[in-house]
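Work through these exercises with the model open beside you. Try each task before reading its solution.

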Amino acid sequence: MSAAQVSVDRGRCISAGMCALTAPEVFDQDEDDGRVLLLQTEPTAAHRAAARMAAGVCPSGAITLAEPVSDGS
């Protein structure tokens, strides 16, 4: 199984900080403008649930999490 892929759209980010609060191992905030900084493009299994939750609570929808697709084997 491949890893989950996280991407962010900094232009869409409104600096709410929910991502950094929810998954600090995966996201941070830029000290200058407060927008999201992506620390892990492929979060470990231990951090994947938090990254998924951060994507869900992001008020601007700036975070995308592409989950691995199981081939059913």
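**Exercise 1. The fold**

How many helices and how many strands are there in the protein chain?

Solution. Note that the model is predicted. Step one: count the elements. The protein chain has two helices and four strands. Step two: read them in sequence order. The pattern is β-α-β-β-α-β. Step three: check the overall size. The radius of gyration is 12 Å, close to the 11 Å from the globule rule for 73 residues, so the chain is as compact as a globular protein of that length. Step four: look at the box. The C-alpha atoms fill roughly 45 × 20 × 15 Å along the principal axes.

**Exercise 2. Inside and outside**

Find what share of the protein chain is buried, and what supplies its exposed surface.

Solution. Start with the inside. Of the 73 residues, 32% are buried. Now the outside. The protein chain exposes about 4,400 Å². Carbon and sulfur atoms supply 51% of that area. Then turn to contacts between residues at least 6 apart in sequence. Of these, 57% join residues at least 24 apart.

**Exercise 3. Two exposed residues**

Classify Pro59 and Ala46 as buried or exposed.

Solution. Take Pro59 first. Pro59 sits in the loop between H2 and strand E4 (63–66). The cut-off for exposed is over 50% relative accessible area. Pro59 has 53% relative accessibility, so it counts as exposed. Beyond its neighbours within four places in sequence, Pro59 contacts Ile14, Ala16 and Met18. Its C-alpha lies 9.8 Å from that of Cys19, though the two are 40 residues apart in sequence.

Now Ala46. This residue belongs to helix H2. Its relative accessible area is 70%, so Ala46 is exposed. Ala46 and Ile14 are 32 residues apart in sequence, and their C-alpha atoms are 27 Å apart.

**Exercise 4. A charge without a bridge**

Which side chain of opposite charge is nearest to Arg48, and how far away is it?

Solution. Locate Arg48 in helix H2 (residues 45–57). Arg48 is buried. The nearest side chain of opposite charge is Glu67, 4.8 Å away. A salt bridge needs a nitrogen within 4 Å of a carboxyl oxygen. Arg48 has no salt bridge. Arg48 does touch Glu67, along with Ala3, Ala4, Pro43 and Leu65, leaving out residues up to four places away in sequence.

**Exercise 5. The salt bridges**

How many salt bridges does a search of the whole structure find?

Solution. The search finds four. Take three pairs in turn.

- Asp30 and Arg10 meet at 3.7 Å, N to O. Asp30 lies in the loop between strand E2 (27–29) and strand E3 (36–38), and Arg10 in the loop between strand E1 (5–8) and helix H1 (18–22), so the pair ties together parts 20 residues apart in sequence. Asp30 is buried at 19%, while Arg10 is partly exposed at 26%.
- Asp33 bridges to Arg35, with the closest N and O atoms 2.9 Å apart. Asp33 is partly exposed at 33%. Arg35 is partly exposed at 28%.
- Arg52 bridges to Glu67, with the closest N and O atoms 2.6 Å apart. The pair links distant parts of the chain: Arg52 is in helix H2 and Glu67 in the segment after E4, 15 residues apart. Arg52 is partly exposed at 40%. Glu67 is partly exposed at 35%.

Last step: look for shared partners. Salt bridges join Arg10, Asp30, Asp33 and Arg35 into one network.

Key
Residues numbered from 1 in each chain as written. Predicted model: local features only at pLDDT ≥ 70, side-chain atom pairs only at ≥ 80, totals over all residues. Heavy atoms only, no water. Rg over C-alpha atoms; globule rule 2.2 N^0.38 Å. Buried < 20%, exposed > 50% of the residue type's maximum accessible area, 1.4 Å probe, protein only. Contact = heavy atoms within 4.5 Å. Areas by Shrake-Rupley, 256 points an atom, 1.4 Å probe, with all protein chains shown as cover. Lys, Arg positive; Asp, Glu negative; His and termini not counted.
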